[in-house]
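This note is addressed to a colleague who is meeting the structure for the first time. Please keep the sequence and the model at hand while reading the points that follow.

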4 protein chains.
Amino acid sequence: MIQTYNPDFEQDIREKLERQEFMKLLGFKVTKIAVGSIAGELTLEQRHRQHKGFAHGGVIATLADIVAGFAAVSLVPKHYHVVTAEIKVSYFHPGVGDKLLAKGCVIKQGRKFNFCEAEIYVVKGEQEPLLIAKASATMATTTPEEIPRKV
Amino acid sequence: MIQTYNPDFEQDIREKLERQEFMKLLGFKVTKIAVGSIAGELTLEQRHRQHKGFAHGGVIATLADIVAGFAAVSLVPKHYHVVTAEIKVSYFHPGVGDKLLAKGCVIKQGRKFNFCEAEIYVVKGEQEPLLIAKASATMATTTPEEIPRKV
Amino acid sequence: MIQTYNPDFEQDIREKLERQEFMKLLGFKVTKIAVGSIAGELTLEQRHRQHKGFAHGGVIATLADIVAGFAAVSLVPKHYHVVTAEIKVSYFHPGVGDKLLAKGCVIKQGRKFNFCEAEIYVVKGEQEPLLIAKASATMATTTPEEIPRKV
Amino acid sequence: MIQTYNPDFEQDIREKLERQEFMKLLGFKVTKIAVGSIAGELTLEQRHRQHKGFAHGGVIATLADIVAGFAAVSLVPKHYHVVTAEIKVSYFHPGVGDKLLAKGCVIKQGRKFNFCEAEIYVVKGEQEPLLIAKASATMATTTPEEIPRKV
């Protein structure tokens with residue numbers, strides 16, 4: 001039973017996304033914010049490529065981290081924060097196409113951390129989305145008092 | 001006994017790096033290319049940040065993927081390629097400072113895949129570099145015939 | 001489209017299971033063998049415990065490795081072998097109950113390796129099975145020629 | 001600066017090890033208990049084998065979990081507990097030989113979790129120990145109040 005402890009989670013996530021400079025640099029847009037579940041998409045361009053012309057593994061890892069992390073953010077109490085303790089990304093296919101879709105969800109909610117997963121798909125023309133990567137992550141919850149300060 | 005099967009590995013890696021569009025978007029510079037070992041650095045700027053002002057986890061994962069991957073590239077025969085099968089990144093500290101340093105190496109060389117590790121440090125002012133993340137990855141080798149074509 | 005390249009996979013897996021000494025030491029029984037999917041169960045006894053009385057993490061990791069690995073074995077050509085390149089296990093709940101159930105499947109089939117997942121549940125009395133751990137693994141295929149010899 | 005918050009850590013770990021039924025079933029012996037660092041060994045016998053005659057991946061994962069976990073136990077305050085949040089094990093070589101050696105250490109100490117690593121070596125006759133597996137784990141600390149009860 002996944003549940004949220006923040007009735008304003010959607011608005012609070014939108015405000016946090018506004019300050020995600022690196023996400024903006026990539027051009028990733030969040031398209032769905034639900035309890036324990038986040039999705040978004042990115043139009044593939046030349047700047048996302050590695051040397052063979054595929055979407056860079058780092059782009060895919062970034063999308064996985066964002067959707068898995070914000071899936072956890074949607075559950076924690078207001079003013080609490082979420083930090084990635086660890087994330088593992090497995091790559092199934094090269095990212096070649098027009099667009100990446102990313103979906104993240106919490107598969108085990110906990111007080112101290114949430115176990116999350118993310119799936120990354122590539123879309124090419126009219127074809128069905130193809131699952132190109134899957135990630136599992138441990139997202140730690142920090143209380144307002146514990147947040148490391150930016151110096 | 002880590003050894004290279006490509007006498008031109010340094011030149012070949014430099015050429016591949018030239019085509020790493022996403023690496024250039026981040027501003028990461030490779031500073032050392034050796035047999036089974038790669039290092040580089042990135043000056044932290046606003047565009048690398050997540051919403052709390054720290055270096056984005058995706059930036060760190062990207063650097064880890066690049067240095068671990070090219071450490072493997074330095075070993076494989078000419079015209080062979082390396083693809084990330086999976087990478088796990090553990091985050092120890094928030095990335096706050098002037099610069100990130102990334103070091104990658106092959107810890108077990110193999111014919112079909114190389115097991116690699118990466119360490120990411122943050123440097124702030126005159127302080128000692130602080131280890132903020134560590135990654136382990138399975139880097140698969142593909143022969144020239146196996147390379148998935150870009151469509 | 002997951003498919004098998006060994007029409008005798010079920011019989012061949014049963015023969016391999018007969019020689020799994022460590023699996024027998026644990027008392028794990030495989031109950032289902034299908035294309036890309038394996039399941040089994042283990043009656044929890046005192047010998048499976050760690051110091052707090054829960055099922056040992058190593059028991060759970062072993063079950064995950066077996067069901068994920070044999071899910072891959074079900075797909076590869078006759079006389080080919082499968083070795084675990086790496087496995088990550090996330091633990092959601094302590095293993096307390098009467099029985100563990102383990103399910104493994106291949107989520108991405110490939111020529112050189114199969115990406116697999118495993119789920120471990122605990123059953124207690126008449127209650128619904130509870131998911132206590134989830135694993136993701138890279139299972140490498142070795143041809144008959146490549147098999148490392150036992151010395 | 002790794003430090004312990006339990007002056008009696010060595011004695012407390014020895015008492016916990018006494019109750020590790022699964023560890024005894026395997027025959028693993030802890031040979032060194034230090035601040036943030038544990039080592040032990042296991043004489044390989046037929047019961048540890050998988051179907052090809054190598055040490056079972058589950059044996060290696062169990063040893064990695066024990067030495068990484070107790071490395072964390074050595075640091076936390078008296079009566080606190082440590083649970084494995086997740087562990088990833090990469091397998092470099094088949095386990096063939098007379099004995100397995102396992103070494104675990106904490107590489108980043110934290111209040112809520114410790115990041116740990118483990119290395120597993122095989123020893124055969126008079127040869128140098130060979131590194132056959134490496135693991136990274138997130139070990140979570142639970143306060144005496146948080147410990148899940150055994151039912």
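The points below concern how chain B meets chains A and D in this predicted model.

1. On the status of the model. The structure is predicted, and the remarks below should be read with that in mind. Totals for chains and interfaces take in all residues, whereas local features are considered at a pLDDT of at least 70.

2. On the contact between chains B and A. Chain B contributes 37 residues to this contact, and chain A likewise contributes 37 residues. On the side of chain B, two or more residues each come from helix H2 (21-26), helix H3 (57-73) and strand S3 (81-91). S3(B) provides the largest share of that side, namely ten residues.

3. On the composition of that side. Where chain B touches chain A, its residues comprise 14 nonpolar, 13 polar and ten charged.

4. On the strand pairing across the contact. Strand S3 (residues 81-91) of chain A pairs with S3(B). The pairing is antiparallel and runs over five bridges. Within it, Lys88(B) in S3(B) has Lys88(A) opposite.

5. On the relation between chains A and B. How is chain B laid on chain A? A turn of 180 degrees, with a shift of 0.0 Å along the axis, achieves this with an RMSD of 0.0 Å. The two copies are therefore related as by a two-fold rotation axis. Which residue of chain B comes closest to the rotation axis? That residue is Lys88(B), whose C-alpha lies at 2.0 Å; Lys88(B) is also the residue that faces Lys88(A).

6. On the surface shared by chains A and B. Of the interface residues of chain B, 100% are also interface residues in chain A, so the copies meet through the same surface.

7. On the contact between chains B and D. Here nine residues of chain B are in contact with nine residues of chain D. In chain B, S3, strand S4 (99-108) and strand S6 (130-142) each give at least two residues to the side that touches chain D. S6(B) gives the most, with three residues. By type, this side of chain B divides into three nonpolar, three polar and three charged residues.

8. On the relation between chains B and D. Chain B is superposed on chain D by a rotation of 180 degrees with 0.0 Å of shift along its axis, at an RMSD of 0.0 Å. Again, 100% of the interface residues of chain B are interface residues in chain D too, so these copies meet through the same surface.

Key:
Residues are numbered from 1 along each chain as its sequence is written. Chains are lettered from A and ligands numbered from 1 in the order in which they are written. This is a predicted model: local features need pLDDT of at least 70, side-chain atom pairs count only at pLDDT 80 or more; totals for chains, interfaces and linings use all residues. Two residues are in contact if their C-beta atoms, placed from the backbone, lie within 7 Å. Helices (H or I, at least four residues) and strands (E, at least two) are DSSP runs, numbered from the N terminus. Ala, Val, Leu, Ile, Met, Phe, Trp, Tyr, Cys and Pro count as nonpolar, Asp, Glu, Lys and Arg as charged, and the others, Gly among them, as polar. Two strands pair if DSSP finds at least two bridges between them. Copies are superposed by least squares on the C-alpha atoms of residues with pLDDT of at least 70 in both.
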